[in-house]
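Work through the exercises below with the sequence and the model open side by side. Each task is followed by a stepwise solution.

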Amino acid sequence: GQSAKDREKLASGQQPHTIVLSCSDSRVPPELVFDQKLGEIFVVRTAGEALDSSAIASIEYAVEHLGSQLILVMGHTSCGAVKAALGTMNGGDAGSPSLNKLVADLHPRLKEFASKAPSEGVKAESWANAKGVAKDLQERSKIVGDKVNAGALKVKVALYHLGSGVVDF
């Protein structure tokens, strides 16, 4: 799936089977985690799987124009964006207006953890965030929500464990 011939074949179009929304963390490349080749998955990466208009639009594009019938929202253990969001739940500064906007997107999904000590590797918080992203995506995108309601699209959630490489679904 990575030869010159494979690239040439994909030059005329793509039909990825799955859209993966994953964290930007350099240790979590979905193509490697799932052993996928060129053209097999459509990957959207934002820190903490934050849902801004560009991420949503990218997913909508793949749903509408590429025929993908599965969206996988994949969080991971020890997520720096989740840690930053937890550290700013009570009005703290993440370091810049853009970072503050990013962690603000995660805050509603993490509110149940605001007064608790973080779990080991922020595993529970990262699961909650990924599940919340999957739900928010369906609510914030009419295209995704309508396709899910019609049974033409599924949204699943996973958590990648940095230490072991295991993905839980």
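**Exercise 1. A charged pair between helices**

Are Arg109 and Asp136 buried or exposed? Then place the pair in the fold and find its partners.

Solution. The model is predicted.

- Step 1. Check accessibility: Arg109 is buried, and Asp136 is buried as well.
- Step 2. Check the charged atoms: the two side chains form a salt bridge, with 2.6 Å from N to O for Arg109 and Asp136.
- Step 3. Locate the ends. Arg109 sits in helix H5 (residues 97-110) and Asp136 in helix H6 (residues 123-140), so the bridge ties together parts 27 residues apart in sequence.
- Step 4. Extend the search: Asp105, Arg109, Asp136 and Arg140 are linked in a salt-bridge network.

**Exercise 2. Other salt bridges**

How many salt bridges does a search of the whole structure find? Describe the Glu139–Lys135 and Asp35–Lys37 pairs.

Solution.

- Step 1. The search of the whole structure gives 8 salt bridges.
- Step 2. Take Glu139 and Lys135: their side chains meet at 2.9 Å, N to O.
- Step 3. Glu139 and Lys135 are 4 residues apart in helix H6, so about one helical turn separates them.
- Step 4. Glu139 is exposed at 54% relative accessible area. Lys135 is partly exposed at 48%.
- Step 5. Now take Asp35 and Lys37, whose salt bridge spans 3.7 Å, N to O. Asp35 is exposed at 56%, and Lys37 is partly exposed at 34%.

**Exercise 3. A buried acid without a salt bridge**

Which side chain of opposite charge is nearest to Glu60, and how far away is it? Find what Glu60 contacts instead.

Solution.

- Step 1. Glu60 lies in helix H3 (residues 53-66).
- Step 2. Arg140 is the nearest side chain of opposite charge, at 9.4 Å. The cut-off for a salt bridge is 4 Å. Glu60 is buried and has no salt bridge.
- Step 3. Look for polar partners: the side chains of Glu60 and Ser141 make a polar contact of 2.6 Å.
- Step 4. List the contacts of Glu60 beyond four places in sequence: Ser141, Lys142 and Ile143.

**Exercise 4. The sheet and its enclosed strand**

In what order do the 5 strands of the open sheet run? Identify the edges, then examine strand S1.

Solution.

- Step 1. The order is S2-S1-S3-S4-S5, with mixed pairing.
- Step 2. S2 and S5 are at the edges; each has a single partner strand, so one side of each lacks a neighbour in the sheet.
- Step 3. S1 and S2 run parallel and are joined by 5 bridges. Val20 has Val43 of S2 as its bridge partner.
- Step 4. S1 also pairs with strand S3 (residues 70-76), in the parallel sense, over 4 bridges. Here Ile19 stands opposite Ile71.
- Step 5. Strand S4 (residues 154-160) pairs with S5 in the antiparallel sense over 2 bridges. Tyr160 stands opposite Val167 there.
- Step 6. Turn to the faces of S1. In a regular strand the side chains alternate between the two faces of the sheet. Thr18, Val20 and Ser22 are buried on one side, and Ile19 and Leu21 are buried on the other.
- Step 7. Conclude: 5 of the 5 residues of S1 (residues 18-22) are buried, so the rest of the structure largely encloses this strand.

**Exercise 5. Aromatic pairs**

How many aromatic pairs does a search of the whole structure find? Give the geometry and setting of each.

Solution.

- Step 1. The search finds 2 aromatic pairs.
- Step 2. Phe34 and Phe169 are tilted, 6.5 Å centre to centre with 40° between the planes.
- Step 3. This pair links distant parts of the chain, 135 residues apart: Phe34 is in the loop between helix H2 (30-33) and strand S2 (41-45), and Phe169 is in the segment after strand S5 (167-168).
- Step 4. Phe34 is partly exposed at 24%, whereas Phe169 is exposed at 65%.
- Step 5. Phe42 and Tyr61 are also tilted, 6.5 Å centre to centre with 40° between the planes.
- Step 6. Phe42 is in strand S2 and Tyr61 in helix H3, 19 residues apart. Phe42 is buried at 15%, and Tyr61 is partly exposed at 40%.

Definitions and conventions. Residues numbered from 1 in each chain as written. Predicted model: local features only at pLDDT ≥ 70, side-chain atom pairs only at ≥ 80, totals over all residues. Heavy atoms only, no water. Buried < 20%, exposed > 50% of the residue type's maximum accessible area, 1.4 Å probe, protein only. Lys, Arg positive; Asp, Glu negative; His and termini not counted. Polar contact = N/O pair within 3.5 Å; in protein donor to acceptor, adjacent residues only side chain to side chain. Contact = heavy atoms within 4.5 Å. Phe/Tyr/Trp six-rings, centres within 6.5 Å; stacked < 30°, edge-to-face > 60°. Pairing = 2+ DSSP bridges.
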